[in-house]
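Please look over the sequence and the model below before reading on. The text starts with the whole chain and then turns to one residue and its surroundings.

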Amino acid sequence: MNSIATIESRALAIPEQEAIHTLRSSLYPGAAVDSVKLVLSYCRAAGLDPFQKPVHIVPMWDRGSGSMRDVVMPGIGLYRTQASRSGEYAGMSDVEFGPDVTETIDGVTLTYPAWCRVAVLRRLPTGEIVSFPAKEFWKENYAIKGGKEKSTAPNAMWLKRPYGQLAKCVEAQALRRAFPEIGSQPTAEEMEGKALGPEPDAQQPAQAAPTIPEPRRRELQATFSQCSDME
């Protein structure tokens, strides 16, 4: 067993109640106990160290159940780690941004890059290095405020870091193309502010998202924004 696996095994060997308390007190402040249990289950199944925060707890609107629920999703950091552990990761090209666009979205004026492009490099067993490019558009990725405001303007993180957040999304896409074995699940950065389930039928009245109490909404957003800033 290598050193990384040994560290993971020790982390997962901690009694569950102790692990839950530690995670809720540090990495996932304010998270529900059941949501932290999901994190532990995810990490056990994938052989990950939960104390390295490889996954995020993302509050999302579930169209199927008509309610909010916490969803455990990998972070961009996990994809980077998995690619590196493969021994075939050969780096990444410089991030390239498209032209700046200044626009007012639902009363909020901001400047953002039209698109972002990057390529992940993989060294094949033959020694050949292959490039896997990806390109994403800001308007197709940004997370909306939602919640009580019912606004289509970008949330605090996408307003603060329009370039950095888009770069994470396009890097995740490139990593999945280069290393399909890491999985096809989108990262938390890509899914923040979006809903689960199929789009509502245009002929049926859309079900409105619930109004989350303002203190709780700010707490959830601050928690996710904090972990995004750290990556």
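The paragraphs below go from overall figures to a single side chain and then to a pair of helices.

This is a predicted model. The protein chain contains 8 helices and 11 strands. Of its 231 residues, 39% are buried. Among contacts with a separation of 6 or more, 60% are between residues 24 or more positions apart. The chain exposes about 12000 Å², and carbon and sulfur atoms supply 54% of that area.

R176 lies in helix α6, which covers residues 162-178. Is R176 buried or exposed? Its relative accessible area is 13%, and the limit for a buried residue is under 20%, so R176 counts as buried. The R176 side chain makes two polar contacts described here: one with the side chain of Q173 at 3.1 Å, and one with the side chain of E190 at 2.8 Å. E190 also appears among the residues in contact with R176 once neighbours within four places in sequence are left aside. The others in that set are Y79, I182, G183, S184, Q185, P186 and T187.

Y79 leads to the next element, since helix α4 spans residues 76-85 and Y79 is one of the α4 residues that touch α6. Two packed helices are described by the angle between their axes and the distance between the axes. For α4 and α6 the angle is about 35° and the axes are 10 Å apart. The crossing is left-handed. On the α4 side the contact involves I76, Y79, R80 and A83, and on the α6 side K168, E171, A172, L175 and R176. These residues divide into 5 nonpolar and 4 charged, with no polar ones.

Technical notes
Residues are numbered from 1 along each chain as its sequence is written. This is a predicted model: local features need pLDDT of at least 70, side-chain atom pairs count only at pLDDT 80 or more; totals for chains, interfaces and linings use all residues. Side-chain values use heavy atoms; hydrogens and water are left out. Helices (H or I, at least four residues) and strands (E, at least two) are DSSP runs, numbered from the N terminus. Buried means under 20% relative accessible area, exposed over 50%, partly exposed in between (1.4 Å probe, protein chains only). Contact means heavy atoms within 4.5 Å. Accessible areas come from the Shrake-Rupley method with a 1.4 Å probe; for residues, only the protein chains shown count as cover. A polar contact is a pair of N or O atoms within 3.5 Å; within protein, one must be able to donate a hydrogen and the other to accept it, and residues adjacent in sequence count only if both atoms are side-chain atoms. Axes are lines fitted to C-alpha atoms, for helices over the stretch in contact, and angles run from 0 to 180 degrees between N-to-C directions. A crossing is left-handed if the near helix is turned anticlockwise from the far one by less than a right angle, and right-handed if clockwise. Ala, Val, Leu, Ile, Met, Phe, Trp, Tyr, Cys and Pro count as nonpolar, Asp, Glu, Lys and Arg as charged, and the others, Gly among them, as polar.
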